[in-house]
Amino acid sequence: MRRWPPRIPAPAAVAYRRAAAGATSTATEATDDLVRQHNRSIAALLRRGRFAAARRLFDALPARSVVTWNTLLAALSRRGDVPAARSFFDSMPVRDAVSWNTLLAAYARSPRLDHLAAARRLFDEMPQRDAVTWSTLLGAYARRGLMDEAQSLFNEMPQRNTASWNTMITGFFAVGQARKAMDVFEAMPVKDSASLSAMVSGFTSNGWLDEADALLTKRLRATDMDKAVDAYSTLIAAYGQTGRVTDARRLFDMIPKAQSQHKGHKRRIFERNAVSWNSMMMCYIRTGDVCSARALFDEMPDKDLVSWNTMIAGYTQASDMEEAEKLFWEVPEPDAVTWNLMIRGFTQKGDVEHARGFFDMMPERSTITWNTMISGYEQNEDYDGTIKLFQRMLEVGERPSHHTLSSVLAACASLATLRLGAQLHQLIEKSFLPDTAISNALITMYSRCGELTNAKAIFSQMHTQKDLVSWNALIGGYEHHGHATEALRLFEEMRRAKVVPSHITFISLLSACGNSGLVSEGRVVFHTMLHEYGLDARVEHYAALVNLIGRYGQLEDALEVIKSMPIAPDRAVWGAFLGACTAKKNEPLAQMAAKVLSKIDPESSAPYVLMHNLHAHEGRWGSASVVREDMERQGIHKHPGCSWIDMHDKVHVFISGDTSHALTHEIFSVLECFYRSCRDWS
C-alpha cells in the first residue's frame with residue numbers, strides 16, 4: 001500500500017527539516033518586525049494626543065507584544081484614568097516589570113487616598129521590585145506628607161539611590177520638618193546638585209535663608225559640584241524676594257563668569273548661566289533699581305529671551321516706556337510675553353493709543369493679549385474702547401475668558417449699560433462657570449444700573465465664594481441708590497459673618513448715612529472704624545463725615561472735625577464743608593471755605609459756582625455778578641454736565657447746552673455678536 005506522505009530519505013529529510021526551520025524563523029522575524037512597526041505607530045498617535053485612534057489600532061492588531069500592551073497602559077496612566085488602567089492591566093496576557101511599575105505610578109499619582117492604599121497592595125503583590133518600584137511608592141507617600149510611612153519604606157529599601165534620599169529631603173521640608181531634612185542630607189553617602197537644590201529650596205521656603213547661605217558657602221564645596229549654580233540662583237531669587245539685594249549680589253559675585261571655550265580648554269563645572277544672571281537682574285528690579293539691572297544686562301554675555309523680558313518688565317514697572325520701547329526693538333525674536341509687557345506698560349501709564357498700536361502690530365494674539373488691551377481700556381476709563389474691542393474679539397472668533405468678562409462688566413457698570421451687562425450675564429450662565437471675580441463684577445454692574453434685586457440674588461448665590469469685594473460691592477450699590485438702611489443692615493450681617501471690613505466699606509457706609517440724613521448712625525460707623533477695627537481714617541472718610549454732619553445743620557461740629565484732622569484736609573473735605581455751608585445759607589463760613597478751597601485748587605470752579613448760587617438764591621444779584629466776573633478774570637470755566645440713557649439698543653449722551661445729542665456706543669452690533677457666540681459656545 002502506498003503511504004502518504006511518502007517516506008523521505010534520510011539525507012533529504014534532514015535538508016527538509018532545516019528548510020522548514022528556516023521558513024519558520026523567517027516568518028517569526030517578519031511577525032516581530034510588523035509588531036515593532038505597529039508599536040511605533042501607536043506611540044506616534046499617542047504623542048499627537050490621538051488616544052482613540054491608538055486604541056482602535058491596538059484592538060485591530062493580529063499580534064501584540066508586551067511592549068504594545070505597556071504603551072497603551074502608560075497612556076491610560078498618564079490620562080489619570082486609574083480604573084481603566086487597572087482593568088487593562090488585568091486583561092494583559094503577559095506582564096513585565098514595566099507593566100507593574102506603570103500601574104503603580106498611576107495609583108501613586110492619583111489624589112485619591114484609596115488609590116494610595118491600592119498602590120501599597122499592588123507593591124506587596126509584585127513578583128519583583130526594582131529601584132523604580134521603591135522610588136514610586138516612596139514619592140507617593142512624600143507628596144501626601146505621610147512622612148512616617150515614607151520613612152518606614154525608606155528604611156526597608158534594599159538599595160537607595162540619590163533620588164530616594166532627595167525625595168526624603170523634599171518631603172520633610174514640605175511638612176515643615178527642616179531638622180529631619182537636614183539629618184537626611186547629612187547621612188547621604190553621595191550628594192549631587194539635586195540634593196543641594198532640594199536643601200536650598202527647602203530652607204528658602206521655610207524662611208531659613210542664612211542656613212541656605214551657610215550650606216552653600218561654608219559647609220560644602222558646592223563650587224566643585226556640577227550644576228550647583230542652580231542652587232545659588234534659587235537663593236539669589238529668595239534674597240531678592242525679601243529685599244536683601246546686597247546678600248544676593250555677594251552670592252552672585254561668587255559664581256565665576258563663563259569663559260569662552262577654546263580647543264583643549266576644559267569647561268568649568270561651576271559658572272554663571274542665564275538663570276543666575278536673570279535672578280540677579282530680577283533682584284534689582286524688585287527693589288526698583290533699574291539702573292543696576294541694566295548694567296548687569298549689558299554685561300551679560302549670552303542673553304536669552306527671559307533676560308530681555310526681565311529687563312523690559314523692569315522699565316515698564318518704572319513707567320519708563322521710552323527705554324522699554326528702545327529695548328523692545330532690539331529683541332531678536334519677541335514672544336507673546338514681550339508684546340504683552342509693552343501693551344500693559346503703556347496702558348498702566350495711560351497711553352492707551354500707543355498700547356493699541358503694539359496690539360495691532362502683533363503677529364499672533366492670545367486670549368491674554370486681548371485681555372490686556374481690553375482691561376487697559378477699562379482701567380483708563382475708555383469704556384467705549386473696551387466694548388468695541390470686545391466686539392472685535394467676538395467677531396474674529398476668539399473666546400473670552402473670565403478676565404475678559406470682568407473688564408467688560410466693569411465698563412458696563414461705569415456706563416450703566418444694563419442691556420449689554422444682562423446679555424453678558426446670559427453668556428456667563430450658558431458657557432462659563434462663574435468664579436468670585438465674575439460674580440463680584442456682576443454685582444457691581446447690576447448695582448450701578450439700579451437692579452439691586454439682581455445684585456442681591458447673585459450675592460446670595462455665592463455662598464462660601466463671597467470675599468470682601470463681594471460685600472463692598474453690594475454695600476456700595478445700596479449707598480449709590482440711597483438705601484442707607486439696607487447698607488447698614490448688610491454691614492451688620494457682614495460683621496456676624498466675621499468678615500473684616502476695609503476702608504472702602506466705611507466710605508460707602510458714611511456716604512450712605514450722609515445721603516439719607518442718618519447723622520447718629522454715621523457717627524457710630526466712624527467710631528466703629530476707628531476703635532473697633534483700628535483703621536486710620538483717611539481724607540475720604542473725613543470728607544464723608546463733614547458732609548454728613550454739615551448738611552444736617554451741625555456746621556460748627558463739622559468745622560471742629562476739620563480742625564482736629566491728623567492729616568491735612570484736601571479739596572474733598574473743604575468742598576464738602578462749602579457745600580454744607582451753601583446748603584444751610586451760612587455765608588460767613590461759606591466765604592471762609594471758598595477762600596481756602598481756591599488756594600488748595602486754584603483751577604476748580606466749584607467754590608465760585610457755589611458762592612454764585614448762594615448769592616443768587618438770596619437775591620443778591622450784584623454779589624453774584626461779582627463772583628462770576630472774578631471767575632472769568634481768573635480764566636476758570638465750569639465744565640458742562642452730561643448724562644446718558646440706554647434706549648433702543650444705543651447709549652444716548654446729552655451734554656448741557658447742546659441742542660443735539662451724540663450716539664457714542666453701537667450696542668446693538670455687540671449684542672448681535674453675543675447671540676451668535678452664545679449659539680456657538682453652548
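This is a short tour of a predicted model, with selections to make one after another in the viewer.

**A helix pair**

Begin by selecting residues 468-480, which form helix H27, together with residues 484-496, which form helix H28. The axes of these two helices come within 8 Å, and they cross at roughly 160°. Because an angle over 145 degrees counts as roughly antiparallel, H27 is described as roughly antiparallel to H28. The hand of this crossing is left-handed.

To see what fills the contact, show the side chains of Leu468, Trp471, Asn472, Leu474, Ile475 and Tyr478 on H27, and then add Glu486, Ala487, Arg489, Leu490, Phe491, Glu493 and Met494 on H28. Sorted by class, the residues in this contact of H27 with H28 comprise nine that are nonpolar, one that is polar and three that are charged.

**A serine in helix H15**

Move next to residues 274-286, which make up helix H15, and pick out Ser279 within that helix. Ser279 counts as buried, since its relative accessibility is 14% and the cut-off for buried is under 20%. Which residues does Ser279 contact, once its neighbours within four places in sequence are left aside? Selecting Ser233, Ile236 and Ala237 alongside Ser279 displays these contacts.

**Two loop residues with positive phi**

Now go to the loop that runs between helix H17 (305-317) and helix H18 (321-328), and select Ser319 there. The phi of Ser319 is near 60°, which is a positive value in a residue other than glycine. With a relative accessibility of 36%, Ser319 falls in the partly exposed class.

A further stop is the loop between helix H21 (367-379) and helix H22 (383-395), where Glu381 is the residue to select. Glu381, although not a glycine, has a positive phi of about 65°. Is Glu381 buried or exposed? At 59% relative accessibility, Glu381 counts as exposed, the cut-off for that class being over 50%.

**Cysteines**

Finish with two cysteines, beginning with Cys291, which counts as exposed at 66% relative accessibility. Cys581, by contrast, is buried, and its relative accessible area is 0%. A disulfide is a covalent bond between the sulfur atoms of two cysteines. How many disulfides does the model hold when the rule is a pair of cysteine sulfur atoms within 2.5 Å? By this rule the count is zero, so a viewer selection of disulfides made with that cut-off has no pair to display.

Definitions and conventions:
Residues numbered from 1 in each chain as written. Predicted model: local features only at pLDDT ≥ 70, side-chain atom pairs only at ≥ 80, totals over all residues. Heavy atoms only, no water. Axes fitted to C-alpha atoms, helices over the stretch in contact; angles between N-to-C directions. Helix = DSSP H or I, 4+ residues; strand = E, 2+ residues; numbered from the N terminus. Parallel < 35°, antiparallel > 145°, perpendicular 65-115°, else oblique. Left-handed = near helix turned anticlockwise from the far one by under 90°. Contact = heavy atoms within 4.5 Å. Nonpolar A, V, L, I, M, F, W, Y, C, P; charged D, E, K, R; others polar. Buried < 20%, exposed > 50% of the residue type's maximum accessible area, 1.4 Å probe, protein only.
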